[in-house]
2 protein chains.
Amino acid sequence: MDLQNIIIEKAATAKKAAAKLAFISTEIKDHALLAMADALEKRSEMIIAENAKDIEDGRKNDLKRSYLDRLMLNEDRIREMAEGLRQTATLPDPVGQGVYSTIRPNGLEIRKIKVPLGVIGIIYEARPNVTADAAGLCLKSGNAVILRGGSEAIRSNLAISSLLAKAAYEAGIPEGALQFIGTTDRKAVDYMLHLNDYLDVIIPRGGAGLIRNVVENSSVPVIQTGTGVCHTFVDASADFTMAVNIAVNAKTSRPAVCNAMETLLVHQDIAADFLPLVNAAMKEKQVEMRGCKRARIYCPDMIEATEDDWATEYGDLILSVKVVADIDEAIDHITKYNTGHSETIVTNDYNNAHKFQRRVDAAAVYVNASTRFTDGFEFGFGAEIGISTQKLHARGPMGLDELTSMKYLIYGEGQIR
Amino acid sequence: MDLQNIIIEKAATAKKAAAKLAFISTEIKDHALLAMADALEKRSEMIIAENAKDIEDGRKNDLKRSYLDRLMLNEDRIREMAEGLRQTATLPDPVGQGVYSTIRPNGLEIRKIKVPLGVIGIIYEARPNVTADAAGLCLKSGNAVILRGGSEAIRSNLAISSLLAKAAYEAGIPEGALQFIGTTDRKAVDYMLHLNDYLDVIIPRGGAGLIRNVVENSSVPVIQTGTGVCHTFVDASADFTMAVNIAVNAKTSRPAVCNAMETLLVHQDIAADFLPLVNAAMKEKQVEMRGCKRARIYCPDMIEATEDDWATEYGDLILSVKVVADIDEAIDHITKYNTGHSETIVTNDYNNAHKFQRRVDAAAVYVNASTRFTDGFEFGFGAEIGISTQKLHARGPMGLDELTSMKYLIYGEGQIR
């Protein structure tokens with residue numbers, strides 16, 4: 001059987017499993033999640049041995065150190081994966097929750113309830129923990145899932161997914177509800193992107209190139225996630241200590257993630273006083289500073305920023321800095337360069353806080369807080385499958401609720417129209 | 001300027017307009033909707049004159065009579081369009097409505113509110129009333145809209161859209177918020193499908209071919225609408241009079257629409273008694289009956305149904321009929337052939353009613369009522385932009401709420417992570 005047919009067959013099996021999984025009790029799903037967690041911990045040696053082969057290949061292929069770091073699994077990381085699954089088991093099950101109900105003038109009763117999406121495709125890169133996280137969230141929300149991880153982590157992902165699928169099946173989850181595409185052939189992705197008869201949605205997780213490929217080529221509906229060119233705007237009335245703390249946190253607490261700041265915008269009235277402060281604090285954290293012309297007047301040690309800098313998600317200890325005339329120029333800059341993820345203003349001016357939150361078009365718009373909070377755990381969802389940067393279906397952190405669709409149930413007594 | 005650049009420019013203008021329109025008050029939007037309604041009525045002669053040219057061309061091009069009927073405008077139909085706009089003005093504005101708010105343990109206050117999607121592309125066929133309906137709903141929900149109607153209605157659509165755009169602009173709506181693509185060049189659609197930098201969603205409205213083209217080729221997110229292979233299952237315990245009434249209503253009250261029934265499934269235990277009844281009632285309404293082998297034992301005058309019949313949306317006075325062994329065979333048949341639109345069971349058996357609603361995967365699942373109720377007006381939304389048959393973002397009738405996205409507003413006092 002050729003690759004395309006293998007993938008269609010997997011998808012068809014997943015669709016059949018999804019039809020059953022939609023009606024499996026929360027009790028069985030939670031029991032399966034706990035069994036999956038146990039399986040990972042019990043077989044951690046095997047997972048680490050398989051992972052070592054991926055790491056070895058990665059070294060041979062000159063993978064970047066940061067990439068190898070993310071790829072690497074040890075006892076602690078496997079325990080974290082298992083704990084993530086146990087945590088998901090404690091979350092409320094969204095399936096069947098009522099959204100509203102009403103009685104129409106003709107006596108028809110209409111109920112709207114949450115139902116699983118069906119079959120979810122996840123296409124992702126290096127981090128093998130996504131395999132366990134995504135499997136757990138999809139299962140809990142009653143969805144079948146087809147995972148397609150990157151070739152660098154193929155052996156780790158195969159080890160993890162086969163353990164998870166076996167444990168889930170033994171706990172009563174329909175066979176085929178959790179599947180992994182175990183080939184590194186890139187055509188597998190192309191085939192997945194056109195499985196409209198079987199997949200209800202594809203969620204890409206990874207770098208900009210991966211996401212662009214999926215968005216541009218998929219005929220299956222896509223939820224776009226994860227690119228974040230996030231800004232912090234320090235207004236004239238900002239408390240300087242608060243502003244420095246927020247900026248340093250937003251840039252340096254975890255520079256590789258999508259809710260980290262990439263550009264700092266500073267009101268011209270405070271630039272002379274504030275920029276040297278924030279520049280010194282960033283330098284202490286080894287941040288490379290790239291400033292506009294006006295910023296470099298106050299901080300000549302900054303590298304000169306180019307047009308490209310404003311549109312770049314560095315994912316690294318690099319920060320671009322721009323002095324703006326006022327809040328309107330700040331909002332215009334953000335409107336031009338942001339990716340619809342997270343934006344924050346540091347201010348003590350009520351009108352500006354209000355204006356910034358109204359006018360900036362992004363999933364999460366903050367006043368006086370770090371953009372780093374845009375995250376399913378921090379928002380109180382208990383888990384997260386990704387952060388949507390599109391407006392359709394879900395926006396911002398996606399938890400279990402965002403992995404559901406709706407269904408209308410209508411109760412009549414012979415009504416016709 | 002070539003067509004692609006013309007369309008990009010239109011889209012860029014729409015995006016700028018959308019950024020302003022998102023903050024226009026409900027008062028101004030409602031005032032604009034009323035002005036748009038007045039403009040249509042005042043200039044009805046001009047619209048009818050332009051429409052007459054489309055009709056003339058249609059006759060020359062041998063358009064089907066039913067097609068010409070849908071295309072034709074008169075004073076009554078223009079008044080209906082205007083009334084639709086006035087009705088939309090009375091609906092509650094979804095923009096800014098709170099979805100929830102919470103305070104996190106760290107003191108961060110999180111609010112989730114409804115915001116417009118941004119720019120909506122609508123690609124549609126013959127019926128020129130879609131131009132006014134879609135423009136009104138998009139405007140009320142704070143969205144800019146780019147309309148692309150079929151070539152058969154090009155003059156009617158141009159007349160309507162230019163009147164609407166002018167009236168809206170004069171009432172304070174940003175210029176470019178309502179645009180029509182006035183070319184019949186099919187490439188215009190291809191260009192629209194890849195305007196990811198400007199369009200937030202594309203909604204196709206029309207036949208299966210149009211929808212397939214949009215779904216398969218668009219890189220902009222799509223909401224799939226409108227194809228309906230809907231079933232009525234008459235269970236063994238059904239009240240025969242109710243079942244005949246529901247079946248006749250679902251098939252004949254408006255056979256061309258997507259919530260009309262295409263296939264009748266009948267429990268074998270009642271087939272001998274029920275089929276002749278429903279067959280006679282349908283014949284009286286000039287319905288062509290196509291039955292499975294078992295159905296034809298009881299009604300030999302039925303044409304023999306082929307495999308193709310089960311998957312066909314006739315949109316006409318044709319009905320396929322199948323005898324099934326039990327509710328499970330009925331559900332299996334529906335699972336195989338339905339399009340996720342509307343399904344109904346006629347029964348007096350509690351367990352079967354419950355099972356049918358749980359197991360059938362469709363936007364709307366009825367007990368003892370006609371599938372014809374799946375409609376924004378009948379569901380109490382006051383209006384409808386289409387009926388989604390996909391699971392992402394919206395499912396079933398889409399009103400103003402379904403034309404919005406979400407945004408998180410987060411209020412801090414210096415929180416860092």
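Here are four worked exercises on a predicted two-chain model.

A few ground rules before we start. Residues count from 1 along each chain as its sequence is written, while chains are lettered from A and ligands numbered from 1 in the order in which they are written. Since the model is predicted, local features need pLDDT of at least 70 and side-chain atom pairs count only at pLDDT 80 or more, whereas totals for chains, interfaces and linings use all residues.

**Exercise 1. Find the operation that superposes chain A on chain B, and the residue of chain A that comes closest to its axis.**

Step 1: look at the confidence. Chain A has a mean pLDDT of 96, with 100% of its residues at 70 or more (pLDDT is the predictor's confidence in each residue, from 0 to 100). The model scores are ipTM 0.94 and pTM 0.93.

Step 2: superpose the copies, by least squares on the C-alpha atoms of residues with pLDDT of at least 70 in both. You get a rotation of 180 degrees with 0.0 Å of shift along the axis, at RMSD 0.0 Å. That is the relation of a two-fold axis.

Step 3: check the axis. Of the residues of chain A, H393(A) comes closest, its C-alpha sitting 1.8 Å away.

**Exercise 2. Work out which elements of chain A supply the side that touches chain B.**

Step 1: count the contact, where two residues qualify if their C-beta atoms, placed from the backbone, lie within 7 Å. Chain A puts in 55 residues and chain B 54.

Step 2: assign them to elements (DSSP runs numbered from the N terminus: helices are H or I with at least four residues, strands E with at least two). At least two residues each come from α9 (208-217), α10 (240-252), α15 (350-359), β13 (364-369) and β16 (404-415) of chain A. β16(A) gives the largest share, 11 residues.

Step 3: sort by class. Ala, Val, Leu, Ile, Met, Phe, Trp, Tyr, Cys and Pro count as nonpolar, Asp, Glu, Lys and Arg as charged, and the others, Gly among them, as polar. This side of chain A then has 25 nonpolar, 19 polar and 11 charged residues.

Step 4: compare the copies. Of the interface residues of chain A, 98% are also interface residues in chain B, so the copies meet through the same surface.

**Exercise 3. Describe how α5(A) packs on α6(A).**

Step 1: get the geometry. Helix α5 (residues 75-90) and helix α6 (residues 129-140) of chain A have axes 9 Å apart at an angle of about 10 degrees. Axes are lines fitted to C-alpha atoms, for helices over the stretch in contact, and angles run from 0 to 180 degrees between N-to-C directions.

Step 2: name the arrangement. That makes the pair roughly parallel (under 35 degrees; over 145 is roughly antiparallel, 65 to 115 roughly perpendicular and the rest oblique).

Step 3: list the partners. R77(A), M81(A), G84(A), L85(A) and T88(A) of α5(A) meet N129(A), A132(A), D133(A), G136(A), L137(A) and K140(A) of α6(A). They split into 4 nonpolar, 4 polar and 3 charged.

**Exercise 4. Do the same for α3(A) and α7(A).**

Step 1: helix α3 (residues 44-60) and helix α7 (residues 154-170) of chain A pack at about 160 degrees, axes 7 Å apart. That makes α3(A) roughly antiparallel to α7(A).

Step 2: the contact involves M46(A), I47(A), E50(A), N51(A), K53(A) and D54(A) of α3(A), plus I154(A), R155(A), S156(A), A159(A) and I160(A) of α7(A). By class, that's 5 nonpolar, 2 polar and 4 charged.
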